[in-house]
Amino acid sequence: MQKWLIYQKERFPLLQYIPMMAMFGFCAVSYSMHLNNPHAKISDAGALQYIAAMVTTLFWFMLLRIADEHKDAEEDRQFRPYLPVPRGLVTLRGLRIIGFILIAVQIVFSICIDWRLLGMLALVYCWLALMSWEFGVPKWLKEHPTWYLASHMVIMPFIDLYATSIEWIPRGGTFSFGILVYMISSFCDGTVVEVGRKLRAKENEEYGVDTYTHIWGPKRAMLVWMTCMTISGVTTALAGFQVRVGMEIIAVLSPLYIYAAFIAYRFAQKPTPQNAKVFTIFPGIWMFLMYLLLGVLPFFK
């Protein structure tokens, strides 16, 4: 057990992920409810639906980590031997066993709520499998980082589609424009986090490990990140307007967007370890706040 506690601390810190994924799951159910009923109350969805959305979302991200451990096993062995798998703390076989347990729990939750959720579940599994296979073109994707980023982030809206369907499929609802906007917003928010976590000061770059600062250089990487931030802010506001909280979201996110522009400019000019550190924290705050606003504010309108 001790080795798994060390593993999660290093590779999937639960103290960080549980609040984020809980808000992610809660927001999906709440947002879907308010698209259908402007006067929805928290009690309009069952406790099992909220719990299922939160737990299965957390498990999706655990499965992503497990898939990455397998996909990157050879690269990690060569260039990052200090990581838990290459140094022998845990094994890929042990991770696979945990992965199968997570999948089994997701399937059970889905059947208990509505067997039709299995179709949505299968959609995410299929994309996860394609990602793990690098869509059959690993070399091409490695040479085209923008396409690599986009193809891998598509799983975010698929997870959102499943999480929202936990609410709208059992009540006989259908896929709507509002859900589509929410999915696009989630894709953009995910890119903010994904690009942010792969930004490094030059002295912290590691041989054989691709980061966006290594691929594009600090200035271009900051331009890409701010583009992601801009699209994320716009699509989140558009999603907010679908549930009547667009102006409130603009008011809350605007100061954060200005701060994001400041830290991006600062890092582009001086890509030091100190200036890079904020990108390990700020994107997560941005994403958490987005789901908090979309999931909670509509209850007060």
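## A greasy patch on two helices

Helices α12 (218-242) and α13 (246-269) each put at least two residues into a nonpolar surface patch. Helices here are DSSP runs of H or I with at least four residues, strands are E runs of at least two, and both are numbered from the N terminus. The patch is made up of Val234, Leu238, Phe241, Met247 and Ile250, and together they offer about 460 Å² of accessible area. The largest share belongs to α12, with three residues. To join a patch, a residue needs over 30% relative accessible area and no salt bridge; nonpolar side chains (Val, Leu, Ile, Met, Phe, Trp, Tyr) are joined within 5 Å, like charges within 9 Å. The areas themselves come from the Shrake-Rupley method with a 1.4 Å probe, and for residues only the protein chains shown count as cover.

Two members of the patch are worth a look in the viewer. Leu238 sits in α12 and is partly exposed, at 44% relative accessible area. Phe241 is in helix α12 too, and at 43% it also counts as partly exposed. On this scale, buried is under 20%, exposed is over 50%, and partly exposed is what falls in between (1.4 Å probe, protein chains only). For a sense of distance, the C-alpha atoms of Phe241 and Leu117 are separated by 27 Å, with their positions 124 residues apart along the chain.

## What you're looking at

This is a predicted model, where local features need pLDDT of at least 70 and side-chain atom pairs count only at pLDDT 80 or more, while totals for chains, interfaces and linings use all residues. Numbering runs from 1 along each chain as its sequence is written, and side-chain values use heavy atoms, leaving out hydrogens and water.

## Salt bridges

Searching the whole structure turns up 15 salt bridges, each one a side-chain nitrogen of Lys or Arg within 4 Å of a carboxyl oxygen of Asp or Glu. One of them joins Lys71 and Glu134, at 3.6 Å from N to O. That pair ties together distant parts of the chain, 63 residues apart: Lys71 belongs to helix α3, and Glu134 to the loop between α6 (117-132) and α7 (138-143). Lys71 is partly exposed at 21% relative accessible area, whereas Glu134 is buried at 12%. The two are also part of a salt-bridge network that takes in Asp68 and Asp72.

Another long-range link is Lys142 to Asp210, with the closest N and O atoms 2.7 Å apart. Here Lys142 is in helix α7 and Asp210 is in the loop between α10 (177-196) and α11 (212-216), a separation of 68 residues. Asp210 is partly exposed, at 33% relative accessible area. Then there's Asp76 with Arg80, whose closest N and O atoms are 3.2 Å apart. Asp76 is buried at 2% relative accessibility, and Arg80 counts as buried as well, at 16%.

## The cavity beside α3 and α6

Rolling a probe the size of a water molecule over the atoms shows where empty space is left. The structure holds one cavity of 30 Å³ or more, and the volume of the largest cavity is about 30 Å³. The method uses a 1 Å grid over the protein atoms alone: a cavity is a set of points where a 1.4 Å probe fits but cannot get out, a pocket is an open set with protein on both sides within 12 Å along at least five of seven lines, and lining residues have an atom within 4 Å of a point. Points are joined across faces, edges and corners, and the volume is the space filled by probe spheres set on them.

The lining of the largest cavity is Leu64, Ala67, Asp68, Lys71, Leu128, Met131, Ser132 and His152. Asp68 and Lys71 turn up both here and in the salt-bridge network. Helices α3 and α6 each give at least two lining residues, and α3 has the largest share, four. By type, that's four nonpolar, two polar and two charged (Ala, Val, Leu, Ile, Met, Phe, Trp, Tyr, Cys and Pro count as nonpolar, Asp, Glu, Lys and Arg as charged, and the others, Gly among them, as polar).

Another α3 residue to check is Glu69, which is buried at 1% relative accessible area. The C-alpha atoms of Glu69 and Pro84 are 9.6 Å apart, and the two are 15 residues apart along the chain.

## The second largest pocket

The second largest pocket encloses about 240 Å³ of space. Two or more lining residues come from each of α1 (2-11), α3 (47-71) and α5 (92-113). The largest share, four residues, comes from α1. Lining residues include Met1, Trp4, Leu5, Tyr7, Arg65 and Ile98. In all, the lining divides into ten nonpolar residues, one polar and one charged.
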